[in-house]
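Hi,

Here is the structure I promised to pass on. Have a look at it first, and my notes follow underneath.

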Amino acid sequence: MESAPVVVHREPWNKGKIVGQKTPFKPKDIWALRVRLQMESRVRDLALFNLGIDSKLRGCDLVALKVRDVCHGDQVASRAMVLQHKTQRPVQFEITATTREALQQWIKAAGLKSDEFLFPSRLRKSPHLGTRQYARILEHWVVQLGLDPAEYGTHSIRRTKATLIYRRTKNLRAVQLLLGHSKIESTVRYLGIEVDDALELSEQTEI
């Protein structure tokens, strides 16, 4: 007689987790975290957070940046361009004065050279900060702010400035370029703007 096949029960990877787009940070949360990191002299975390907000890069691209990607000689540049790992498309981003100052302090404190990774890992097996390490660091930030870690992730950093730009300008094409999306539909889905705009219009309509 043939034996019955063994059925292996696997729990879904997302069981008990909130899935979907992660919540972008609000301006008040950004400034609250910046002040906290400055007061605690967490130079690396401040540089990582500020550059994450400005660059709007995916976590895998952010942690893989090298010093030369953001510096011209000894000075941090006001703009940079990198090749995205996921799409192999170049994307440009601005580096604001606040972020340039934070990066300058971190590079000097860590004694980093031009060809070294901007955020080297403290683990021997990885030359630079890994995406999981980055996610854990971000979770720690979220907890410190008193926010729900289930609602935030590394994409919260990527979405923050893009979402603010869209809300202030409604310029979807500009946001598409800043995020490095090849299709405008991807930007629409990423920002979830169809739902947001629909609700906004509904709220403004009185009966």
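**Cysteines, cores and one histidine**

Searching the whole structure turns up zero disulfides (pairs of cysteine sulfur atoms within 2.5 Å). As for the cysteines, C60 is partly exposed, at 30% relative accessibility, while C71 is buried at 10%. Here buried is under 20% relative accessible area, exposed is over 50%, and partly exposed is in between, with a 1.4 Å probe and protein chains only.

Some ground rules: this is a predicted model, where local features need pLDDT of at least 70 and side-chain atom pairs count only at pLDDT 80 or more, though totals for chains, interfaces and linings use all residues. Residues are numbered from 1 along each chain as its sequence is written, and side-chain values use heavy atoms, with hydrogens and water left out.

On confidence, the mean pLDDT (the predictor's confidence in each residue, from 0 to 100) is 85, and 84% of residues reach 70 or more. Go easy on residues 12-19: pLDDT stays under 50 there, and the model has four contacts for them beyond four places in sequence (a contact being heavy atoms within 4.5 Å). Where pLDDT is low, the predicted coordinates should not be read in detail.

Now the inside. The largest nonpolar core (buried Ala, Val, Leu, Ile, Met, Phe, Trp, Tyr and Cys joined through side-chain atoms within 4.5 Å) has 39 residues, and L51, L118, F119 and W141 have the most contacts within it. Elements giving two or more residues to this core include α1 (27-39), α5 (97-110) and α6 (131-144), but the largest share, six residues, comes from α2. Helices are DSSP runs of H or I with at least four residues, strands are E runs of at least two, and both are numbered from the N terminus.

α2 is mostly covered, with 12 of its 13 residues buried. Among the buried ones are L48, F49 and L51. Leaving aside residues up to four places away in sequence, L51 touches K56, L62, L65, V70, F93, T99, L103, L118 and F119. Just after α2 comes K56, with a positive phi near 60°.

Lastly, why does H181 count as buried? Because its relative accessible area is 10%. H181 sits in the loop between α8 (172-179) and α9 (184-191), and its side chain makes a polar contact of 2.9 Å with that of T187. (For polar contacts: N or O atoms within 3.5 Å; within protein, one must be able to donate a hydrogen and the other to accept it, and residues adjacent in sequence count only if both atoms are side-chain atoms.)

Cheers
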